[in-house]
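Here are my notes on this model, as numbered points. Please read them with the structure open.

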Amino acid sequence: MSDTGFEKQDRNPSEDRMRVREAASRICEWYAASRRVLPWREDPTPYHTWIAEIMLQQTRIEAVIPYYQRFLESLPDIPSLAAVSEDRLLKLWEGLGYYSRARNLKKAAMLLTENYGGELPASAEELRKLPGIGDYTAGSIASISFGLPEPAVDGNVLRVLSRLLACPDDIAKTAVRRRAAELLREAYPTGREAGVLTEGIMELGETVCLPNAVPRCGSCPLRTVCLAHLAGEELSYPVKSAAGKRRVEEKTVFLLRCGDRFARAGSAPADWRLGPPGGIALFLRRGQAYLYARGMADDRLSRRVYRGRGRISVVQRRGDRKPLFPADGISVL
């Protein structure tokens, strides 16, 4: 097994390292001349980079731009993010989806305000300790905003590296991704050029070295050193095992209601009997029982609301698989 970060037995480690270093230099030159103008690139402070990278997860660049600009107008720094109400935060995020990203931003901002003086730490290791920040986001912030030699490895980067080296290793494997990051780290510059390389290799993967399409090799700065291109095998890389079949789960959310009024968890009147967090709230009045499952809602789940009359004898904690209550006497609202 080679020590370069990819597993092919007959690789030459020194050649791989030299090829990656040459590619890094070419990518930086290409990016300086070809980069797209994006708002977070014009003032890449740690806070700006952080917000942009979180918004860009699972979301197209074109869709993110207006949200990013509106978010920074309302919450220009970490203290304002830490202090914002959840309602206001989610309103600013409304339409981007995956709302746990916004909640993790606030959690992290509160920790930063409490423990780091309201600033992001200039360390990838420390950044990874914050809610919602993994290896990729930590590498982006560290390199783009702090000039540290920390790669940010995502699918775009793995695709560029796999084609560059004609590497047959399965990029779905965590170990392969980790070793690819190690190989790339050896070629990383420091200072401003670290951010240029991070942005450049992302840009190359997004605009030239395309997935699920014919790559635009004619305009690629790596076309004379890319082993996949030289062999005419660009579409054979990267190698990625098929994802497992997605599991679909049905969950029910119960609504706590009094007349025409509806309630959220945490805002119940004194005469409501509330279950534990993650359980259900129970409200009895005039022979009707209303239930509210607290903590069971998911942004991507369709919600089915039920109303029960009479005695409800079974109270279920989240994660249990027993029926919550007898089927008779329950009607869809």
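1. Largest nonpolar core. This is a predicted model, and its largest nonpolar core holds 38 residues. Those that touch the most other members are Y47, W50, I51, M55, F71, L81 and W93. Seven helices each supply at least two residues of this core: α3, α4, α5 (78-83), α6 (86-93), α7 (100-115), α8 (124-127) and α9. A second core is separate and has 32 residues. Among its members are A23, A24, C28 and V160.

2. F71. This residue sits in helix α4. Its relative accessible area is 0%, so F71 is buried. Leaving out residues up to four places away in sequence, F71 touches Y47, I51, M55, L81, L89, L92, W93 and L105. For a distance check, take the pair F71 and K91: they are 20 residues apart in sequence, and their C-alpha atoms are 10.0 Å apart in space.

3. L81. Which residues does L81 touch, not counting those up to four places away in sequence? The list is Y47, W50, I51, F71, L75, L89, L105, K106 and A109. L81 is also one of the core residues that touch the most other members.

4. Largest pocket. The largest pocket offers about 1000 Å³ of space. It is lined by 35 residues, and E53, Y136, V153, D154 and N156 are the closest to its centre. Elements that give two or more residues to this lining are α2 (39-42), α3 (46-56), α4 (61-74), α9 (135-146), α11 (174-186) and α12. The most comes from α11, with 6 residues. By class, the lining of the largest pocket has 11 nonpolar, 9 polar and 15 charged residues.

5. Largest cavity. The model has 4 cavities of 30 Å³ or more. The volume of the largest cavity is about 110 Å³. Its lining counts 15 residues, and R163, C209, C217, C220 and C226 lie nearest the centre. Two elements, α10 (155-165) and α13 (227-230), give two or more residues to this lining. The lining of the largest cavity breaks down into 10 nonpolar, 1 polar and 4 charged residues.

6. Second largest cavity. Its volume is about 50 Å³. The lining consists of V20, A23, A24, I27, V160, L161, L164, L184, L197 and I201. Here α1 (13-34), α10 and α12 (192-207) give two or more residues each. The largest share, 4 residues, comes from α1. What classes do the lining residues of the second largest cavity fall into? The split is 10 nonpolar, no polar and no charged. There is a link to the second core: A23, A24 and V160 are in this lining, and these residues are also included in the core of 32 residues.

7. Helix α12. The end C-alpha atoms of α12 are 22 Å apart. Does that separation agree or disagree with the span expected for its 16 residues at 1.5 Å a residue? It agrees, because the expected span is 22 Å as well. Helix α12 is mostly covered, with 13 of its 16 residues buried. This helix gives residues to the lining of the largest pocket and to that of the second largest cavity.

8. Positive phi values. Q58 is not a glycine, yet its phi is positive, at about 60°. Q58 lies in the loop between α3 and α4. Is Q58 buried or exposed? It counts as exposed, because its relative accessibility is 69% and the cut-off for exposed is over 50%. A166 is another residue other than glycine with a positive phi, in this case near 45°. A166 is found in the loop between α10 and α11. Its relative accessibility is 12%, so A166 counts as buried; the limit for buried is under 20%.

9. Cis peptide bond. The bond from Y237 to P238 is cis, and its omega is near 0°. P238 is in the loop between α13 and β1 (257-258).

Key. Residues numbered from 1 in each chain as written. Predicted model: local features only at pLDDT ≥ 70, side-chain atom pairs only at ≥ 80, totals over all residues. Heavy atoms only, no water. 1 Å grid on protein atoms, 1.4 Å probe; cavity = no way out; pocket = protein on both sides within 12 Å on 5 of 7 lines; lining within 4 Å. Points joined across faces, edges and corners; volume = space filled by probe spheres on them. Nonpolar A, V, L, I, M, F, W, Y, C, P; charged D, E, K, R; others polar. Buried < 20%, exposed > 50% of the residue type's maximum accessible area, 1.4 Å probe, protein only. Contact = heavy atoms within 4.5 Å. Expected span 1.5 Å × (residues − 1). Core = buried A, V, L, I, M, F, W, Y, C linked by side-chain atoms within 4.5 Å.
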